[in-house]
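Student: Could you walk me through how to read a helix packed on a sheet? I'd like the general idea and then the case at hand.

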Amino acid sequence: MRKSLRVAGLATACTVAGAALYATGVASADQAGPRPTKEPHNIGLLVGEIDEYYGASQDADGVWKSSPDSPYAKDLARIQAKAKKDIKKAARKAHHGHGGHGGQGARGKKPAIVLDVDDTALLSFDYEKSTNFTYNNDSWDAYVKAAKRPSVFGMPELVKYAKSQGVEVFFLTGLAESQREGAVTNLAKAGYKTPLDRTHVFTKNKANPPAYLSHCATPDAWKCDTVQFKEGTRKHIESTGYDIVGSFGDQVSDLAGGYADKTYKLPNPTYFVG
């Protein structure tokens, strides 16, 4: 379930009681649990901190952009540099003595990485700013299908690097099956030069869930939470002959559940997916 930082404007900090302050981990009003024992972070100040972190600015068309020189971009670069070293090491180990980049590792599996889409591969900062950090199904659906999001800084280059090392690339997203076309079109436009067919891009198909999710999903009832959905899908990918050497996501729930040798949490203080 996605929950956003709800902001009616910098002057309306009184809405904090109905908001979820995900950068500080404060529970939202619709969540069961103990109330904060001290005053939460001021919502106006928090939005200012987020803007500074992303290097927020608007272009001539009113589209919100993040700066490539921002603290956000620098944090991404550090994570990606570490990931590239790990990918290179894992690829060498997998291909050692098996005929180069077309070979398989000691377990007979081909190396692969798995990427979430929203705010891992494609940046939705414009949506968050334009909606005052408030999620709405209809507006989000239209935004995804418009297929105009930029890439997250450095991620197309990371994918290119992984492929140069003989590592297969998969995308695993909580986007609905009905949003597949928008996501795939956007990934291609944003510079991800890798196969984007149904065997490489996994969406949430509630109407016709795959058999490998039968423990939590049927056509009559989808009961998979984010962790179950992504864990089950990674398990399926590995069952087809791959070893997932790296899993990338902007949410802890993108990465939990195993079936990846290493995980890489990308920064995202704008919303929370449990």
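Student: Which residues are buried in helix H5 (residues 155–164)?

Tutor: Keep in mind that this is a predicted model. In H5, the buried ones are Met-155, Pro-156, Leu-158, Val-159 and Ala-162.

Student: Why do the buried residues of H5 line one face of the helix?

Tutor: General idea: an α-helix has 3.6 residues a turn, so residues three or four places apart point the same way. Here, looking down the axis of H5, the buried residues fall within an arc of 160°, so one face of the helix is lined by them.

Student: And what do the buried residues of H5 pack against?

Tutor: Their partners are helix H2 (71–95) plus three strands: E4 (110–115), E5 (168–176) and E7 (242–249). Just past the end of H5, have a look at Gly-166, which takes a positive phi of about 80°.

Student: On to the sheet. What is the order of its strands?

Tutor: Reading across, you get E6-E5-E4-E7-E8, an open sheet of 5 strands with parallel pairing. E6 (201–204) and E8 (263–265) stand at the edges with a single partner strand each, so one side of each has no neighbour in the sheet. On average, neighbouring strands are turned by 20° against each other, direction ignored.

Student: Over how many bridges do E4 and E7 pair?

Tutor: Over 6, in the parallel sense. Check Leu-115 too: it stands opposite Phe-248 in E7.

Student: Which way does H5 run relative to E4?

Tutor: H5 packs on the sheet, touching E4, E5 and E7, and its direction makes about 170° with that of E4.

Definitions and conventions:
Residues numbered from 1 in each chain as written. Predicted model: local features only at pLDDT ≥ 70, side-chain atom pairs only at ≥ 80, totals over all residues. Heavy atoms only, no water. Buried < 20%, exposed > 50% of the residue type's maximum accessible area, 1.4 Å probe, protein only. Helix = DSSP H or I, 4+ residues; strand = E, 2+ residues; numbered from the N terminus. Arc of directions from axis to C-beta. Contact = heavy atoms within 4.5 Å. Pairing = 2+ DSSP bridges. Axes fitted to C-alpha atoms, helices over the stretch in contact; angles between N-to-C directions.
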